[in-house]
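Please open the structure in your viewer and keep the sequence panel beside it. The tour below suggests what to select at each stop and then tells you what is there.

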Amino acid sequence: MDGREVEAPTLGAVVPGTDPGRPQEAVVLASYYDAISPVPARAPGADQACGVAVWLELARRLLEDPPARTVVLVTAPGHFQALAGMRDFVDLLRRQADGEAPTTALQKRLAPLRIGAVLCLDLSSGGAAIALQQAGTPY
């Protein structure tokens, strides 16, 4: 099976919160959309697609019924390259917190927000159990 190099962007959207007393409070809801397999010919990506499938459904529901706090939706590539896409996104947030002036549309949209939490969906179809896990700080 031949491979090819492609550029995969990090995708983002902002669902504004409805509470006028919390206009700058935000939560990031993240997933990844790439897949990997030790056997390239057998890499349908179905298991890895669980997280982004739930992320898309949550995005739909948040748009139908906006939450009190703003939700930043991010899905990134590079999960299996040491979280490359999310590392880039967190680096963008860090540079902004350090006072770097926003230059992209995403940076400008995120500039007034205070990110209180980053929740990453890393789901599997391999079992029925659900767990909240803090594995450390890979960023």
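Which residue in β3 is the bridge partner of Val28? Select Val28 together with Val72, because Val72 is that partner in β3. As you look, keep in mind that this is a predicted model.

**The sheet**

Now widen the selection to the two whole strands, β2 (residues 25-32) and β3 (residues 70-76), which pair in the parallel sense over seven bridges. These strands belong to an open sheet of four strands, in which the order is β1-β3-β2-β4 and the pairing is mixed. Colour β1 (11-15) and β4 (114-120) next: each of them has a single partner strand and stands at an edge, so one side of each is left without a neighbour in the sheet. If you look along the sheet, you can follow how neighbouring strands are turned against each other, by 20° on average when direction is ignored.

Helix α2 (residues 84-97) is the next thing to select, since this helix packs on the sheet and touches β2, β3 and β4. The direction of α2 makes about 140° with that of β3.

**The nonpolar cores**

Show the side chains of Ala26, Val28, Ala30, Val72, Val74, Ala76, Met86, Phe89, Leu92, Leu93, Leu110 and Leu113, which together form the largest nonpolar core, with 12 residues in all. Two or more residues of this core are given by each of β2, β3 and α2, and the largest share, four residues, comes from α2.

Then centre the view on Ala26 and display what surrounds it: leaving aside neighbours within four places in sequence, Ala26 is in contact with Thr70, Val72, Leu113, Arg114, Ile115, Gly116 and Ala117. A second, separate core has nine residues, and to find it you can select Leu29, Trp55, Ala59 and Leu121, which are among them.

**The salt bridges**

The structure holds eight salt bridges, and three of them are visited here. Begin with Glu25 and Arg114, whose side chains meet at 4.0 Å, N to O. Glu25 lies in strand β2 and Arg114 in strand β4, so this pair ties together parts that are 89 residues apart in sequence. Glu25 is partly exposed, with a relative accessible area of 22%.

Go on to Arg22 and Asp19, which form a salt bridge with the closest N and O atoms 3.8 Å apart. Arg22 counts as partly exposed at 30% relative accessibility, and Asp19 also counts as partly exposed, at 26%.

For the third pair, select Arg60 and Glu57, whose side chains meet in a salt bridge of 2.5 Å, N to O. Being three residues apart in helix α1 (residues 49-64), these two are separated by about one helical turn. Arg60 has a relative accessible area of 38% and is partly exposed, as is Glu57 with 35%. To see a network, select Asp19, Arg22, Glu25, Arg69 and Arg114 at once, which are joined by salt bridges that share partners.

**A polar residue to finish**

Is Gln107 buried or exposed? Select Gln107, which lies in helix α3 (residues 105-110), and you will be looking at a buried residue, because its relative accessible area is 4% and buried means under 20%. A polar atom of the Gln107 side chain lies 3.0 Å from the backbone nitrogen of Thr104. Not counting residues up to four places away in sequence, Gln107 touches Leu92, Arg95, Gln96, Glu100 and Pro102.

Technical notes:
Residues are numbered from 1 along each chain as its sequence is written. This is a predicted model: local features need pLDDT of at least 70, side-chain atom pairs count only at pLDDT 80 or more; totals for chains, interfaces and linings use all residues. Side-chain values use heavy atoms; hydrogens and water are left out. Two strands pair if DSSP finds at least two bridges between them. Axes are lines fitted to C-alpha atoms, for helices over the stretch in contact, and angles run from 0 to 180 degrees between N-to-C directions. Contact means heavy atoms within 4.5 Å. A nonpolar core is a set of buried Ala, Val, Leu, Ile, Met, Phe, Trp, Tyr and Cys residues joined through side-chain atoms within 4.5 Å. Buried means under 20% relative accessible area, exposed over 50%, partly exposed in between (1.4 Å probe, protein chains only). A polar contact is a pair of N or O atoms within 3.5 Å; within protein, one must be able to donate a hydrogen and the other to accept it, and residues adjacent in sequence count only if both atoms are side-chain atoms.
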